Amino acid sequence: MGTNQCGAGAGGCADVVSLPAEAEALTGEQIAAHLVGAAVWAPSLHNTQPWLFGTDGQELSLYADGGRQLMIADPAGRQMLISCGAALFTARLALRSVGRVPRTRVLPEPADPLLVARLGWPQRAAPAGYELRLFDQVLRRRTHRGGFDPLPLAPGLLAVLQAGARRDGAQLRVITDEAATATLAATVQTAEQTLRLDSARVRELAAWVSPPASPRPDGLPATAYPARPVHTFPDFPGRDFARGRGWGLPPVSAAAAARSAGVVCLLTTADDRPTDWVNTGQALQRILLTAAAYGVAAALHSQPLELSWLREFIRHQLSGGSHPQLLLRLGTVTQTAASVRREPASVLFRQGR
């Protein structure tokens, strides 16, 4: 649905960086491997990594892996396509890191809804410095699960993040009203309580949580979440991955006081079609990498958006009629979480033209 030959960064084309000779001499297969090696580090719900990639040496095809869709939590595949959109943005950014200009076609074949995008690189242009700074965060960025230090964000950061979201067809709504923030916190609390009472959802979540020292390359390792609930003010509860088993990371401090919830935001779109879901994922990854470059972490909440009645409540009461796709909290914190990913070669296959 359209072609985009712009770079993946958040600014103009100033601060151009020259590339080493080896980047100029890469083959199509080497470029595809480079893209997938970065794209697999995109965020996904429960780290399901619901993507596959095909290449013919001249372009990369991104597919949603329906076998990794969460059929109970995500029956429409909305969150699966958001995850794939985040992988797409990461691949576009990886292209810029080696001096190629991405040509992107999102959902190019209506008859094949699992074909999320085709990504080509027919032109060359040296990357801008900000694009390399974002790319430098791909392997460093981690989803935060908990509260934040009571420190302000860098001046102007929120405006940069909002402008970046608009480039991808989404809107980052910063919630500044205390009553609205408290209401959003209440929706997360209600959703978390409701989801914990749904035995089928609990089993689906448990299937993606790994015990300590597990060699599993997907799902949630014990190094990715806190062992005990972390409370914020107002309280935005996280999912109960440990389930009383003692799995997870120990608390950063012994203090039991609630930590800051950070800056609360809603990522929304004007429409609610598969294209919007893919674009949400691209906007999300741009936001996460830009924030990380400023030393800011993000906590993500999708619980209330998995319940249609709560999602509609948020749409009409808190997002001005636009469709809420994800709730984010931004703040500063010392991160100790570590994630896992499948080997890029396990998700990349050769594709004939």
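**The largest cavity**

Which residues line the largest cavity? List them, then give their classes and the space that they enclose.

Solution. Leu45, Thr48, Pro50, Arg68, Gln69, Leu70, Asp74, Gln79, Met80 and Ser83 form the lining, each having an atom within 4 Å of a cavity point. A cavity is a set of points, on a 1 Å grid over the protein atoms alone, where a 1.4 Å probe fits but cannot get out. The model is predicted, so local features need pLDDT of at least 70 and side-chain atom pairs pLDDT 80 or more, while totals for chains, interfaces and linings use all residues. Residues are numbered from 1 along each chain as its sequence is written, and side-chain values use heavy atoms, without hydrogens and water.

By class, this lining has four nonpolar, four polar and two charged residues. Ala, Val, Leu, Ile, Met, Phe, Trp, Tyr, Cys and Pro count as nonpolar, Asp, Glu, Lys and Arg as charged, and the others, Gly among them, as polar. The space inside is about 50 Å³, taken as what probe spheres fill when set on the points, which are joined across faces, edges and corners.

**The second largest cavity**

Find how many cavities of 30 Å³ or more the structure holds, and describe the second largest.

Solution. The search returns two cavities of 30 Å³ or more. The second largest has a volume of about 40 Å³. Its lining consists of Phe53, Leu60, Ser61, Leu62, Ala87, Leu88, Ala91, Ala117 and Leu119. At least two of these residues come from each of strand S2 (59-64), H3 and strand S4 (115-124); helices (H or I, at least four residues) and strands (E, at least two) are DSSP runs numbered from the N terminus. Eight lining residues are nonpolar, one is polar and none is charged.

**The largest pocket**

Locate the centre of the largest pocket by its residues, and state which elements line this pocket.

Solution. The largest pocket has a volume of about 880 Å³. Of its 50 lining residues, Thr143, Arg145, Arg239, Phe241 and Leu300 are the closest to the centre. A pocket is an open set of points with protein on both sides within 12 Å along at least five of seven lines. Helix H3 (78-97), strand S9 (297-301) and strand S10 (323-331) each give two or more residues to the lining. The largest share, four residues, is that of H3. In the lining, 21 residues are nonpolar, 17 polar and 12 charged.

**The nonpolar cores**

Which residues have the most contacts inside the largest nonpolar core, and what does Phe53 touch?

Solution. The core has 55 residues, and Leu35, Phe53 and Leu267 have the most contacts within it. Such a core is a set of buried Ala, Val, Leu, Ile, Met, Phe, Trp, Tyr and Cys residues joined through side-chain atoms within 4.5 Å. H3 supplies the largest share of this core, 12 residues. Phe53 touches (heavy atoms within 4.5 Å) Val36, Ala39, Leu60, Ser61, Leu62, Ala87, Val347, Leu348 and Phe349, leaving out residues up to four places away in sequence. Another core lies apart, with 13 residues, among them Ile175, Leu184, Ala261 and Leu318.

**Helix H8**

What length should H8 (residues 274-293) span, and what is the distance between its end C-alpha atoms? State also whether Gln282 is buried or exposed.

Solution. The expected span is 1.5 Å times one less than the number of residues. For the 20 residues of H8 this gives 28 Å, and the end C-alpha atoms are 29 Å apart, which agrees. Of these 20 residues, 18 are buried, that is, under 20% relative accessible area (exposed is over 50%, partly exposed in between; 1.4 Å probe, protein chains only). Gln282 is in H8 and counts as buried because its relative accessibility is 4%. Beyond four places in sequence, Gln282 is in contact with Gly85, Ala86, Leu88, Phe89, Arg92, Val106 and Asp168. After H8 comes Gly295, with a positive phi near 80°.

**Backbone exceptions**

Where do His46 and Leu107 lie, and which residues does the cis peptide bond join?

Solution. Most residues other than glycine have a negative phi, and most peptide bonds are trans. His46 has a positive phi near 60° and lies in the loop between H2 and strand S1 (51-55). His46 is buried, at 7% relative accessible area. Leu107 has a positive phi of about 45° and sits in the loop between strand S3 (100-106) and S4. Leu107 is buried too, at 12%. The cis bond joins Phe233 and Pro234, with omega about -10°. Pro234 is in the loop between strand S6 (232-233) and strand S7 (259-260).
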